[in-house]
Amino acid sequence: MWNLLKNPSEMQKLRDDRSLVKNFVEETLRYETPVLGLFRKATQDVELSDTTIPEGGIVFMAYGSANR
């Protein structure tokens, strides 16, 4: 709703053509993702870009900006 309120012309397009709603929802979830990343626990020692992540280490994968 926030995106539609910020862009009244887009809201009007959706009102005029309901077939656009599905793509609008998909693109909004991609661009304004509700989940910005995930925590993971390493199950074994891993080397990533000259950094060792030890077994049992916690890693936060922040991928929220990847779709922009």
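Okay, Ser 49: this one is exposed, because its relative accessible area is 68%, and the cut-offs here are under 20% for buried, over 50% for exposed and partly exposed in between, with a 1.4 Å probe and protein chains only. Ser 49 sits in the loop between strand E2 (46-48) and strand E3 (51-53). When I say strand or helix, I mean DSSP runs numbered from the N terminus, with helices (H or I) of at least four residues and strands (E) of at least two. Ser 49 also has a phi near 50 degrees, which is a positive value in a residue other than glycine.

Next door, Asp 50 lies in that loop between E2 and E3 too. Its phi is positive as well, about 65 degrees, and Asp 50 is not a glycine either. Is Asp 50 buried or exposed? Asp 50 counts as exposed, because its relative accessibility is 75%.

Before I go on, a word on what we're looking at. This is a predicted model, so to speak of a local feature I need pLDDT of at least 70, and side-chain atom pairs count only at pLDDT 80 or more, while totals for chains, interfaces and linings use all residues. Residues are numbered from 1 along each chain as its sequence is written, and side-chain values use heavy atoms, with hydrogens and water left out.

How confident is the predictor? pLDDT is its confidence in each residue, from 0 to 100. The protein chain averages 90, and 94% of the residues score at least 70. Among the elements, H2 has the highest mean pLDDT at 96, and H3 the lowest at 89.

Those two helices bring me to the charges. How many salt bridges does a search of the whole structure find? Two, where a salt bridge is a side-chain nitrogen of Lys or Arg within 4 Å of a carboxyl oxygen of Asp or Glu.

Take helix H2 (residues 8-16), which holds both Glu 10 and Lys 13, three residues apart, about one turn of the helix. Lys 13 and Glu 10 form a salt bridge, with the closest N and O atoms 3.2 Å apart. Lys 13 is partly exposed at 44% relative accessible area, and Glu 10 is partly exposed at 34%.

Then there's helix H3 (residues 21-31), with Glu 27 and Arg 30, again three residues apart, about one turn of the helix. In the salt bridge between Glu 27 and Arg 30, the closest N and O atoms are 2.9 Å apart. Glu 27 comes out partly exposed at 43%, and Arg 30 is partly exposed at 34%.

Now to helix H1 (residues 2-6), where we find Asn 3. Why does Asn 3 count as buried? Because its relative accessibility is 17%. Contact here means heavy atoms within 4.5 Å. Not counting residues up to four places away in sequence, Asn 3 touches Phe 24, Thr 28 and Glu 32.

On to the aromatics. The structure holds one aromatic pair. The rings of Phe 39 and Phe 60 have centres 4.7 Å apart and planes at 50 degrees, so the pair is tilted. The rule is that rings of Phe, Tyr and Trp (its six-membered ring) pair if their centres lie within 6.5 Å, and planes under 30 degrees apart are stacked, over 60 edge-to-face, and the rest tilted. Phe 39 is in strand E1 (residues 37-41) and Phe 60 in strand E4 (residues 58-62), so to speak linking distant parts of the chain, 21 residues apart. Phe 39 is exposed at 57% relative accessibility, whereas Phe 60 is partly exposed at 42%.

Stay with Phe 60 for a second. Leaving aside neighbours within four places in sequence, Phe 60 is in contact with Gly 37, Leu 38 and Phe 39. The C-alpha atoms of Phe 60 and Gly 37 are 6.7 Å apart, with their positions 23 residues apart along the chain.And Leu 38, one of those contacts of Phe 60, is found in strand E1. Leu 38 counts as partly exposed at 30% relative accessibility. Which residues form the nonpolar patch on the surface? Val 35, Leu 38, Met 61 and Tyr 63, with about 310 Å² of accessible area together. Patches are made of residues with over 30% relative accessible area and no salt bridge, joining like charges within 9 Å and nonpolar side chains (Val, Leu, Ile, Met, Phe, Trp, Tyr) within 5 Å. The areas come from the Shrake-Rupley method with a 1.4 Å probe, and for residues only the protein chains shown count as cover.

Key: pLDDT = per-residue confidence, 0-100.
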